[in-house]
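Reader: I would like to learn how the words people use for a structure follow from its numbers. Could we go through some of them together?

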Amino acid sequence: MSNRVIAQADLSHIASRLRELGDYIDTTNGNVIAVGREVEALRDDLEELTQDFHAFVDAQKLSSRAQLAETRLVKLRQELEQKYGHYAVIRRTTKGILQANDLAIVRQETIRAASEELMLRAPEYWLAPALVSLSAWISDNEEIAQRALKEALRRDEEKTSLFFALVCRRAERSASAPALGTALSHAAGRDIA
């Protein structure tokens, strides 16, 4: 019997240890499950962060491209302004000369000086010699009108012909200046009357 008591005592201690071990396993299992949930939550957060990061990178690329395009656009505008900006001045001056001539409020010498100055600023623009020709035509200087007209026609025959056709139309007269009429009709290949 004494063997039995020792065996029962030893078994109760072992049973107690097994219960403790079971409780420890249950606690550990609960902790593993909790850690698993936290890992899953971290994985979801990491995936969301990754998506946000990629969206940010894409937005940054678009922003960089837009900024580069804007910089290039500004540079092109500056180049255009530098290369052709004075053309606008010549166009405005041409309009001003036509209006001043219609109203007869500006001296012919002032018109001539303004057109000659613009001729020096735009060595390749067709309107500059056309403007010199117009101012010479206004002041009845046929020789300069003819030479400037030839240069304007050389630079751009179509635009020069159209310009003087419109000027003549505005003045309500045909191309009556002999040199102008001859040059324009020759350039157009027909009589402008």
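Reader: Why is aspartate 140 called exposed?

Author: Its relative accessible area is 69%, and exposed means over 50%, while buried means under 20% and partly exposed covers what is in between, with a 1.4 Å probe and protein chains only. Aspartate 140 therefore counts as exposed. Before we go on, please note that this is a predicted model, in which local features need pLDDT of at least 70, side-chain atom pairs count only at pLDDT 80 or more, and totals for chains, interfaces and linings use all residues. Residues are numbered from 1 along each chain as its sequence is written, and side-chain values use heavy atoms, leaving out hydrogens and water.

Reader: Where does aspartate 140 lie, and what is its phi?

Author: Aspartate 140 is in the loop between α3 and α4 (142-155); helices like these are DSSP runs of H or I with at least four residues, numbered from the N terminus. Its phi is positive, about 55 degrees, although aspartate 140 is not a glycine. Most residues other than glycine have a negative phi.

Reader: Which residue in the loop between α1 and α2 can I set beside that?

Author: Try alanine 104, which sits in that loop. Alanine 104 is not a glycine, and its phi is also positive, near 55 degrees. With a relative accessible area of 65%, alanine 104 is exposed.

Reader: What makes α2 and α3 roughly antiparallel?

Author: Helix α2 (residues 108-121) and helix α3 (residues 127-138) pack at about 165 degrees, and their axes are 8 Å apart. Axes are lines fitted to C-alpha atoms, for helices over the stretch in contact, and the angle between N-to-C directions runs from 0 to 180 degrees. Angles over 145 degrees count as roughly antiparallel, those under 35 as roughly parallel, 65 to 115 as roughly perpendicular and the rest as oblique. So α2 and α3 are roughly antiparallel. Their crossing is left-handed, a word used if the near helix is turned anticlockwise from the far one by less than a right angle (clockwise gives right-handed).

Reader: How do you know that α3 and α4 are roughly antiparallel?

Author: Use the angle again: the axes of α3 and α4 cross at roughly 155 degrees and come within 8 Å. That angle therefore makes α3 and α4 roughly antiparallel. This crossing is left-handed too.

Reader: Why do glutamate 109 and arginine 112 count as a salt bridge?

Author: A salt bridge needs a side-chain nitrogen of Lys or Arg within 4 Å of a carboxyl oxygen of Asp or Glu, and the distance from N to O here is 2.1 Å. So the pair of glutamate 109 and arginine 112 fits. Both lie in helix α2, three residues apart, about one turn of the helix. Side chains of opposite charge can pair when their charged atoms come close.

Reader: What makes Glu109, Arg112 and Glu116 a network?

Author: Arginine 112 also forms a salt bridge with glutamate 116, with the closest N and O atoms 2.5 Å apart. Salt bridges thus link Glu109, Arg112 and Glu116 in a network. Glutamate 109 at 42%, arginine 112 at 27% and glutamate 116 at 30% each count as partly exposed.

Reader: How many salt bridges are in the whole structure?

Author: A search finds eight. One of them joins arginine 154 and glutamate 151, with closest N and O atoms 2.5 Å apart, and both residues lie in helix α4. Arginine 154 is exposed at 60%, while glutamate 151 is partly exposed at 22%.

Reader: Which residues make the nonpolar surface patch?

Author: Leu11, Ile14, Leu18, Leu21, Tyr24 and Ile25 make a patch of about 630 Å². Patch residues have over 30% relative accessible area and no salt bridge; nonpolar side chains (Val, Leu, Ile, Met, Phe, Trp, Tyr) are joined within 5 Å, and like charges within 9 Å. Accessible areas come from the Shrake-Rupley method with a 1.4 Å probe, and for residues only the protein chains shown count as cover. Isoleucine 25, found in helix α1 (residues 2-103), has 48% and is partly exposed.

How values were computed: Helix = DSSP H or I, 4+ residues; strand = E, 2+ residues; numbered from the N terminus.
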